[in-house]
Amino acid sequence: MATRHREDTVLEAKKSKVKSPPMFKVLLLNDDYTPMDFVVAVLQKFFALSREKATQVMLKVHREGMGVCGVYPRDVAATKVEQVRSYAKQHQHPLQCVMEEN
């Protein structure tokens, strides 16, 4: 009887582990045309970063070719990518925004 009780406990423990959904990094890619001030404004507007943090991310994009804006569930990340692309296009900047699994 004691053995069976232990097996039940193990099964319950396995059931309660719920795998969290995959998270996605939203990245800005460097280009030679988008003004740095515009990139900082995008980071503040769409990712709620402070001016200081937005400037740090912009400099990372500028120096290293890309920078992480944030990490989100898939649907939120996809929406942010689309918002940034649309906003950049509207302002005639070639700024690219992509997402990748974290």
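1. Strand β2 spans residues 66–73 and contains Val71. In this predicted model, Val71 has a relative accessible area of 35%. That value falls between the cut-offs of 20% and 50%, so Val71 is classed as partly exposed.

2. Val71 also belongs to a nonpolar surface patch, together with Met23 and Val68. The three residues have about 200 Å² of accessible area together. A residue must have over 30% relative accessible area to enter a patch, and Val71, at 35%, meets that condition.

3. On the overall arrangement: the chain has four helices and three strands. Their order along the sequence is α-β-α-α-β-α-β. Strand β2, at residues 66–73, holds Val71, and β3 covers residues 96–101. Among the helices, α2 runs over 36–47 and α3 over 51–64, while α4 occupies 74–90.

4. On contacts and surface: counting contacts with a separation of 6 or more, 71% are between residues 24 or more positions apart. The chain has 102 residues, and 29% of them count as buried. Its accessible surface is about 7300 Å². Carbon and sulfur atoms account for 53% of that surface.

5. Two residues deserve a check of their backbone angles. Most residues other than glycine have a negative phi. Ala48 departs from this sign, with phi near 55°. Ala48 sits in the loop that joins α2 to α3. Its relative accessibility is 70%; the cut-off for exposed is over 50%, and Ala48 is therefore exposed.

6. The second case is Gln92, which is not a glycine and has a positive phi of about 60°. Gln92 lies in the loop between α4 and β3. With a relative accessible area of 72%, Gln92 is likewise counted as exposed, because exposed means over 50%. Both positive-phi residues named here are thus in loops, Ala48 between α2 and α3 and Gln92 between α4 and β3.

7. On the largest pocket: its volume is about 150 Å³. The lining consists of Leu29, Asn30, Asp31, Asp32, Thr34, Met36, Val39, Met58, Val61, His62 and Leu95. Helices α2 and α3 each contribute at least two of these residues. The biggest share comes from α3, which supplies three residues.

Note on methods:
Residues are numbered from 1 along each chain as its sequence is written. This is a predicted model: local features need pLDDT of at least 70, side-chain atom pairs count only at pLDDT 80 or more; totals for chains, interfaces and linings use all residues. Side-chain values use heavy atoms; hydrogens and water are left out. Helices (H or I, at least four residues) and strands (E, at least two) are DSSP runs, numbered from the N terminus. Buried means under 20% relative accessible area, exposed over 50%, partly exposed in between (1.4 Å probe, protein chains only). Contact means heavy atoms within 4.5 Å. Accessible areas come from the Shrake-Rupley method with a 1.4 Å probe; for residues, only the protein chains shown count as cover. Patches are made of residues with over 30% relative accessible area and no salt bridge: like charges are joined within 9 Å, nonpolar side chains (Val, Leu, Ile, Met, Phe, Trp, Tyr) within 5 Å. A salt bridge is a side-chain nitrogen of Lys or Arg within 4 Å of a carboxyl oxygen of Asp or Glu. On a 1 Å grid over the protein atoms alone, a cavity is a set of points where a 1.4 Å probe fits but cannot get out, and a pocket is an open set with protein on both sides within 12 Å along at least five of seven lines; lining residues have an atom within 4 Å of a point. Grid points are joined across faces, edges and corners, and a volume is the space filled by probe spheres set on the points.
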